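Let's take a friendly walk through a protein and the ligand it holds. Have a look at the picture, and then read on.

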Amino acid sequence: MKSLEQLVRKNIWSLAPYSSARNEYAGREARVFLDANENPYNAPYNRYPDPLQLELKSQLQKVKGVPADCIFLGNGSDEAIDLPYRIFCEPGVDNVVAIEPTYGMYKVCADINNVEYRPVLLDEHYQTTAESLLSVCDDHTKLIWICSPNNPTGNTICREEVLKVIELFQGIVIVDEAYSDFCREQTFRSQLSEHPNLIVLNTMSKAWGCAAIRLGMAFASKEIIDIFNKVKYPYNVNLLTQRQALEALKDPFEVDKWVRMLLVERSRVIDAFRLLPICQEVYPTEANFFLARMDDAQSTYNYLVDEGIIVRNRTRIQLCNNCLRVTIGTKTENNALIAALRQMP
Ligand SMILES: *Cc1c(COP(=O)(O)O)cnc(C)c1O
């Protein structure tokens, strides 16, 4: 890996971050707070929230097994996806590499930041190799995006190949593990100390059932997290979100229960899909959704919309011709989907 100083944009490396009132006095025990121009009334919403979300991070440290100072929290994963562009990629100069097809936000953020995006097509098993990803890299490649389990395909990307990319690439490798709670494989979070160029993303939006509160996580070396914290908006995670996340973290067993139920439902729905005459193939999945190739995805999609059932039509995505992406819902919701498809004229 190149040094962080070589990888980070010069303006970011030398940036003097905004120093908020809550940064300058970080203690909590004072009697009177007259430093932030807040209104003394309307507690608790009158006070600025903790800019570094330390209480939340100390709980996450226990659940995720990553030290609090190696955790960044953002306004959804969206923020954790955008920040690496702003930190590492000089607009109009640098580029990034990603598997294709994958989650759409990596490319949208590249486009917004005017950073060249180099997609590398997966093979027919939706797999890739370190060699194919590294072969499109050059001196200006700063990031490689690997989503595993991948969206929209559902499968994990071969672990040995991901490790090879991390070991051989000179820049930063970002492994998006939004769906890792549904996955049997070991998470890359546990490998952070061996790989200073690795960033792992998680979210509260999927297994944790908190998409509405917008809380995304990045796990990385303390050096990288310090730069994230320098560049982020000072109060990027609001108090309501911090509180609700703490509430959710009190009961990780509830999440385990949801995951177990969803995995049972997933195999039931997949079995039903495989028996449908209009379904050609269901692809292997380690997520709370699956990708199914249909005879005619568009007409199946239209029919389901008429029935009030919305799945994701991925037919226009590369390698996903005639594919629908189906999220696993409650037993009742899944039954409605299966019943509708069985009755499709
Ligand atoms: C759903 C999803 C996310 C979550 O995004 P949030 O902004 O945290 O809601 C991140 N990455 C992938 C690949 C996803 O599918």
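## The ligand and its surroundings

Sorted by class, the shell around the ligand holds five nonpolar, five polar and four charged residues. Here Ala, Val, Leu, Ile, Met, Phe, Trp, Tyr, Cys and Pro count as nonpolar, Asp, Glu, Lys and Arg as charged, and the others, Gly among them, as polar. This is a predicted model, in which local features need pLDDT of at least 70 and side-chain atom pairs count only at pLDDT 80 or more, while totals for chains, interfaces and linings use all residues. Residues are numbered from 1 along each chain as its sequence is written, and side-chain values use heavy atoms, with hydrogens and water left out.

Which residues come nearest to the ligand? Of the 14 around it, they are Tyr 179, Thr 203, Ser 205, Lys 206 and Arg 214 (a residue counts as near if one of its heavy atoms lies within 4 Å). Helix H5 (residues 76-88) gives the most to this shell, with three residues.

The table lists distances from an oxygen atom of the ligand.

| Residue | Partner atom | Distance |
|---|---|---|
| Ser 77 | polar backbone atom | 2.7 Å |
| Tyr 179 | side-chain N or O atom | 2.6 Å |
| Thr 203 | side-chain N or O atom | 2.6 Å |

The protein covers 94% of the 390 Å² of accessible area that the ligand has on its own (Shrake-Rupley method, 1.4 Å probe).

Now for Asn 236: because its relative accessibility is 9%, Asn 236 counts as buried (under 20% relative accessible area, with a 1.4 Å probe and protein chains only). The side chain of Asn 236 reaches the backbone oxygen of Leu 73 at 2.9 Å.

Terms used
Buried < 20%, exposed > 50% of the residue type's maximum accessible area, 1.4 Å probe, protein only. Polar contact = N/O pair within 3.5 Å; in protein donor to acceptor, adjacent residues only side chain to side chain. Helix = DSSP H or I, 4+ residues; strand = E, 2+ residues; numbered from the N terminus.
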